[in-house]
Amino acid sequence: MSADPTKEQPKLSAEEIAKRDEKKKRKEEENAAKLAKLAAKKEKERQQAEAKKAKDAEKASKGETTEVKKKDKEEEAPFVNTTPAGEKKDMSAPMRKNYEPHAVESAWYEWWLKKEFFKADNQSTKEKFVMVIPPPNVTGTLHLGHALTNSIQDSITRWHRMNGRNALWVPGTDHAGIATQSVIEKKLWKTGQTRHDLGRAKFLEKAWEWKDQYAARITGQLKSIGSSLDWSRECFTMDEKLSKAVTEAFVRMFNDGIIYRDVRLVNWCCQLNTAISDIEVDKVDLDKRTLIAVPGYDKKYEFGAIWDFAYKVEGSDEEIVVSTTRPETMLGDTAVAVHPTDERYQHLIGKNLIHPFVDRVFPIIADGELVDKAFGTGAVKVTPAHDPNDFKCGKRNGLAMISIFTDNGVLNENCGKFTGMKRFDAREAVVEALKEKNLFRGTRDNPMVLGLCSRSKNLPTPPPSPGLSLTRRVQDVIEPILKPQWWVDCKDMAKRAIQVVENKEMEILPPHHEATWYRWLTDIQDWCISRQLWWGHQIPAYLVYPRGSQRPTGATNSDWVVGRTPEEATAAARAKFPQVPEADLVLERDGDVLDTWFSSGLFPFSVFGWPDNTADLEKFYPGSLLETGQDIIFFWVARMVMLGLQLTDKVPFKQVFLHAMVRDAHGKKMSKSLGNVIDPMDMIRGITLEDLHKQLHEGNLDPKEVERATLAQKEDFPKGIPECGTDAMRFALCAYTSQGASINLDVQRVAAYRNFCNKLWNAVKLSNMVMGDKFVPQEKPMSKGETEWERWILSKLQTTIEAVNNGFKFYDFAQATSAIYSFWLYDFCDNYLESLKPIIYGDANDASVAARQASGREVVYTCVDVGLRLLSPFMPFLTEELWHRIPRRPQDSTESICVAEFPQSVPAWADEEVERQVKFVQEAVSGVRRMRSSFQLTKQKPKLYYNTTSQEVEELLKKFTETLAFFTSCSEPEIVLNMKEVPEGCSVEMINENTQAYMTVKGMVNVEEEISKLEKKKEKTEGDRAKLLKTTQAAAYSKVPEAKKAENTAKLDSLQQEIDTMASTISNYKKFL
């Protein structure tokens, strides 16, 4: 194989390094020159527009008419969709001048649905691809995180469908128990009502009304995003089919001993009056004493502190000093524990302590598990009913468990004089009472982790009466409380979930998430699945007892029966009490509902009709892939796997792909209170800054949060959000997936992909012009190009096909999008289409030219057809529109690009040698363009010379002479082997270590005149920059908005680049004086 003329040597000499650095510097100067040229052009256009406006105004004032150009008269009319709903889009009108997202996206989705392109067949023999949607909550509309999830999932599904698979993507929504109930209660609170004022039945009516409204809105958003979901299989977690599955799962797991009833500590939210799971608790690190607002209180309370106080030993003058972060819980103390080997307390073990506020004595016990004798005083107060570690200690030592809080966080009858106080008011009261009894021993900072209820986030405290505003939104502090609840024993299920990953029955991607999977499942705790709510699946368990007997506490399984129906529960009750007549049995159904994640955990098989053995379940379960955000690996993914294995004995999906989280451009988590949440529809359609502000005021934020969010919007979206269109948004979101754990989304980058869409639009328009109206493609793509450029573009296309398919196979969407973007923009548009112009506009009467034109048209068609199909999964609307604008190959009756065959590798197209050759030619062109830019030669056609010491390079230059002349806008280049043959007055540019380009400059322009013009322009630009710099250095500049500061900084940099470029150009010109 011949040597690569562009390849660098392994080791470079000092001279070569200097040349390389000089080349890099010149490239930077060229880029700077381009920027300066662009800025100058825009400024000139602005001045011309202002001058014309002033001239027209002057004419109008004199009664003269202003001439209207023909082009202005022919301004394009706004797009109007005339296609009847569900019909194929009317494509009779010519392509519009530019890409317009709303025009392109109209009509297609309704037609796709009518043609049932997205509907899977449970009788098909094709290879299947099955995925369920992570069901969005019906709490509101979709946000950008949903848009990311659905863009990725839809692209994957479309790729599989185009690869001929029986692709099924199941849609659905989640009832979101706590979240939905919270927003409905929030609406009620605004009228001064609570759910209890309505009653359960009326409240549930309102909940269903809310569901119908927002589920329809979510469906509309999913369709707008282009989601190719099988809507015939749409489901809701509380519809009849899925509710049946929930009931069946509970009954089976209860009968198998996996679900059980027990009195244990739960994470209690006093604001919501319900238990929540461990993973629904937000952990906040406090490093010192901190004042924190709590719902339902008028002031803030101290956390991150530790208080010391003493208990007196009964019958003695001795005392034991203990420490606590929650002084109010001392009212529930039933022991003080010391280490069994701690000599300080050996003589006190077994003695009693006197409670100072309630009529209670309790023991000093030895417990080596709870106590670290080196920490603090070595004595630990034990409150078994309100602390997880103390609860275990209480179980070990048979201690009394005294609850001190009501469900609302008020101190109960066990608290003496403090009864009726709210818990944090009681905290301060207890401390003061300890001081009065001379038992207080001090307080200090104490780093700690504070548990907050994630479900009460942004939930306002109800106002005392109608018309009053809601209080500031804060999270409730979790209170560990003893409650009889329903629990799932997760240990054995977790072991199986670990095994299926270890033995590769299920693959987690990216693989680094496996460590998290193993860690969480290894340390898993039993799952509390009952919630004290009304909205959700009511638990199918019944407290049962003989009429007239004492009502049981309901603390254990023995008090309950379960049933799929009331009749089945009654039968179970009769079996439990065979001697009691049915009429004398009392059955009370549990009023609690199941944790939302319980029903969501059944989703992969409940959507197919489990427990019934349906055709869908037989065909489509287990699924192929679960794609979701990495933040719910515990909430949802692990539970689906555990429940799937337990109830179906199958892993619910073969692969799990976890994508990154969407954040704003600054890396901040998206939050409504920060004003940085983006509605995907606003990005698709565009929105003004004023309308963004309006959305804040229409929401439920308090005035301070609105003010802060408004400022944030001004900074991030000073001009609002431009109309980007669905395709650009989808492409950008998929391209962003290379960022790792978080995606810092910059709206401007999405807007840039809208420009890419416009480039595609114009590229297809130009391609159609090149192909001509009568062009009919060959039945099959050509196996090899006729010319070097044809072989080169087909080789680049082959590389792109492989990159895109591998990107989908390995979920590397950044690779796939980058490959497509690069092919369309740089390979096809910037190079191949440009290379064709001399040929296409050549003399068709010349047989050789006509042959090259024919092969060129065929290659153009192949590139456009294949390129659109490669892009289709990411940009379904634009590619469908453009695909219907190009001809079909004979015998191809495919109706839609979304069911067209996805491009597969064509090894015959690969040609590394021609790629190396064209790469060298591109470098030879770039060198000349840098010279033209440095001398600001735009319209002139200078003479061009190449000097080389390489015979291979000489042959390449001769082969591509026509290309070099066209791409450099110079005369046909001469190849000189001796530098003495190069005339004087030429500029030189190094192409590589053995090749230089020379371009005539002297005589092409009036050097003195150009220098004079540039010096004047440079002087003016320096003045403009100095003036702006002075503004930024003024004392009042600190008050200028950050967005304006950033704009000024960018302008200063741009002006400096212009100055540096003009100085460089002046210096270059002076060489020729």
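**Notes on the predicted model**

1. Let me start with charge. The protein has 150 positive and 156 negative charges, and their mean positions lie 3 Å apart. Keep in mind throughout that this is a predicted model.

2. Now the overall picture. The protein has 1073 residues, and 52% of them count as buried. Its C-alpha atoms fill a box of roughly 115 × 75 × 75 Å along the principal axes. About 49,900 Å² of the protein is exposed, with carbon and sulfur atoms supplying 50% of that area.

3. On secondary structure, you'll find 32 helices and 33 strands in the protein. Take the contacts between residues at least 6 apart in sequence: 77% of these join residues at least 24 apart.

4. One sheet to look at is an open one with four strands, in the order 6-5-18-20 and with antiparallel pairing. Which strands sit at its edges? They are strand 6 (274-276) and strand 20 (527-528), each of which pairs on one side only.

5. Walk across that sheet from strand 6. Strand 5 (residues 259-269) is joined to strand 6 by three bridges, and the two run antiparallel. Cysteine 269 has threonine 274, in strand 6, as its bridge partner. On to the next pair: strand 5 and strand 18 are antiparallel and share ten bridges. Here isoleucine 259 has valine 488 of strand 18 as its bridge partner.

6. The last step takes you from strand 18 to strand 20, an antiparallel pair joined by two bridges. Valine 488 turns up again in this pair, standing opposite tryptophan 527 of strand 20. So how enclosed is strand 18 (residues 479-488)? Nine of its ten residues are buried, so the rest of the structure largely encloses strand 18.

7. Helix 29 (residues 951-959) is where you'll find glutamate 954. Is glutamate 954 buried or exposed? Its relative accessibility is 16%, and the cut-off for buried is under 20%, so glutamate 954 counts as buried. Apart from neighbours within four places in sequence, glutamate 954 is in contact with Thr948, Ile975 and Leu977.

8. Glutamate 954 has company: the buried residues of helix 29 are Val953, Glu954, Leu956 and Leu957. Why do they lie on the same side of helix 29? Because they cover an arc of only 160° around the axis. The general background is that an α-helix has 3.6 residues a turn, so residues three or four places apart point the same way.

9. What lies over those buried residues of helix 29? The cover includes helix 28 (912-934), helix 30 (961-968), and strands 30 (944-948), 31 (974-976) and 33 (995-1000). Two of the contacts of glutamate 954 fit in here: Thr948 falls in strand 30 (944-948), and Ile975 falls in strand 31 (974-976).

10. Finally, a loop residue. Threonine 139 sits in the loop between strand 1 (128-132) and helix 5 (144-162). With a relative accessible area of 26%, threonine 139 is partly exposed. Which residues does threonine 139 contact, leaving aside neighbours within four places in sequence? They are Ala176, Ala179, Thr180 and Trp210. For alanine 179, the separation from threonine 139 is 40 residues in sequence and 6.5 Å in space, C-alpha to C-alpha.

Conventions
Residues are numbered from 1 along each chain as its sequence is written. This is a predicted model: local features need pLDDT of at least 70, side-chain atom pairs count only at pLDDT 80 or more; totals for chains, interfaces and linings use all residues. Side-chain values use heavy atoms; hydrogens and water are left out. Buried means under 20% relative accessible area, exposed over 50%, partly exposed in between (1.4 Å probe, protein chains only). Contact means heavy atoms within 4.5 Å. Two strands pair if DSSP finds at least two bridges between them. Accessible areas come from the Shrake-Rupley method with a 1.4 Å probe; for residues, only the protein chains shown count as cover. Lys and Arg count as positive and Asp and Glu as negative; His and the chain ends are not counted. The place of a charge is taken as NZ of Lys, CZ of Arg, CG of Asp or CD of Glu. The arc is that of the directions from the helix axis to the C-beta atoms.
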